[in-house]
Amino acid sequence: MKRSIILLAVSAVSLLASCCKSDEPVQLNVIPYPESVTKLSNGTFDGVTGASIRYNAAFSEKTVESIRQFAERLSSATGEESTVKKGRFGAMNIRHKASLAEEEYEISIRRNCINVFASSHKGVLYSLATLSQMLPVEVYSGVPAPEGTDWTLPCVSINEISIDCSVNS
């Protein structure tokens with residue numbers, strides 16, 4: 001009996017693990033291509049339109065302004081207002097992670113939210129650039145996208161260690 005319960009528990013854990021992460025290759029149309037892209041599930045995040053964007057207090061006003069500009073582009077393109085507030089939980093959460101290098105970022109897109117981790121302004125800026133490239137091109141236009149535009153994002157995990165080649169040592 002005890003052995004059956006253990007086998008059942010191991011099977012359940014294996015099944016859950018296989019549902020959450022996939023070895024299936026993911027191709028994103030972003031430049032530069034991130035160092036690591038992993039498919040998390042077959043689902044999509046469809047909360048981009050009217051997204052509530054939250055950030056924590058560790059970021060500078062310059063970084064918060066970049067987040068607001070991203071939200072304004074989203075609002076203009078989707079036709080629904082995206083809000084930006086200091087706080088813990090929203091459709092998109094931008095969090096400070098001190099262990100990341102200055103230009104490094106991590107993005108986790110799940111069915112219920114997007115989590116972005118960075119340690120600096122550059123990391124946040126680069127992560128928002130990656131997210132923008134994953135969205136329809138209308139996000140750059142400043143005018144509402146045509147009705148029926150697909151604003152969904154695939155459930156993926158993205159890790160990038162950016163190196164700004166334009167900076168002189």
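Let's start with β4 and β6, which run parallel and are joined by five bridges. This is a predicted model, so read what follows as a walk through a prediction. Two residue pairs help to place the register: M92 sits opposite I114 in β6, and R95 has F117 of β6 as its bridge partner. Strand β4 covers residues 92-96, and four of its five residues are buried. The story for β6 reads likewise: four of its five residues are buried, so that strand is mostly covered too.

Now step to the other side of β4. There you'll find β2 (residues 52-55), paired with β4 in the parallel sense over three bridges. Here I53 stands opposite M92 in β4. That makes M92 a handy landmark, since M92 also stands opposite I114 in β6.

Back at β6, look towards β5 (residues 104-109). Five bridges join β5 to β6, and this time the two strands run antiparallel. S108 stands opposite N115 in β6, and the connection from β5 to β6 is a hairpin through four residues. As general background, strands of a sheet pair through backbone hydrogen bonds, either parallel or antiparallel.

Zoom out and the whole sheet comes into view. Seven strands make up an open sheet with mixed pairing, in the order β1-β7-β5-β6-β4-β2-β3. At the edges are β1 (36-45) and β3 (83-86), each of which pairs on one side only. On average, neighbouring strands of this sheet are turned by 15° against each other, ignoring direction.

Next come the helices. α2 lies across β2, β3 and β4, and its direction is at about 170° to that of β2. α3 also packs on the sheet, where it touches β4, β5, β6 and β7 (153-161), with its direction making about 40° with that of β5. Both helices therefore touch β4.

How do α2 and α3 sit against each other, and at what angle do they pack? Helix α2 (residues 61-78) and α3 pack at an angle of about 10°, with 9 Å between their axes. An angle under 35 degrees counts as roughly parallel, so α2 and α3 are roughly parallel to each other. On the α2 side the contact is made by K62, T63, S66, I67, F70 and R73, and on the α3 side by H121, V124, L125, L128, L131 and S132. Sorted by class, this contact has six nonpolar, four polar and two charged residues.

What about the interior? The largest nonpolar core has 37 residues, and I53, I94, I109, I114, L131 and M134 are those that touch the most other members. At least two residues of this core come from each of β1, β2, α2, β4, β5, β6, α3 and β7. The largest share, six residues, is supplied by α2. In soluble globular proteins, nonpolar side chains tend to be buried together.

I114 is a good place to pause. Leaving out residues up to four places away in sequence, I114 touches F45, A91, M92, N93, I107, S108, I109, L131 and L153. Two of the names there, I109 and L131, are also listed among the core residues that touch the most other members.

Finally, have a look at two serines. S120 is in the loop between β6 (114-118) and α3 (121-134). Is S120 buried or exposed? Its relative accessible area is 15%, which is under the 20% cut-off, so S120 is buried. Not counting residues up to four places away in sequence, S120 touches F59, E102 and E103.

The other serine, S75, lies in helix α2. With a relative accessible area of 17%, S75 falls under the same 20% cut-off and is therefore buried as well. Beyond its neighbours within four places in sequence, S75 is in contact with E80, E81 and S82. S75 and A51 are 24 residues apart in sequence, while their C-alpha atoms are 8.6 Å apart in space.

How values were computed:
Residues are numbered from 1 along each chain as its sequence is written. This is a predicted model: local features need pLDDT of at least 70, side-chain atom pairs count only at pLDDT 80 or more; totals for chains, interfaces and linings use all residues. Side-chain values use heavy atoms; hydrogens and water are left out. Buried means under 20% relative accessible area, exposed over 50%, partly exposed in between (1.4 Å probe, protein chains only). Contact means heavy atoms within 4.5 Å. Two strands pair if DSSP finds at least two bridges between them. Axes are lines fitted to C-alpha atoms, for helices over the stretch in contact, and angles run from 0 to 180 degrees between N-to-C directions. Angles under 35 degrees count as roughly parallel, over 145 as roughly antiparallel, 65 to 115 as roughly perpendicular and the rest as oblique. Ala, Val, Leu, Ile, Met, Phe, Trp, Tyr, Cys and Pro count as nonpolar, Asp, Glu, Lys and Arg as charged, and the others, Gly among them, as polar. A nonpolar core is a set of buried Ala, Val, Leu, Ile, Met, Phe, Trp, Tyr and Cys residues joined through side-chain atoms within 4.5 Å.
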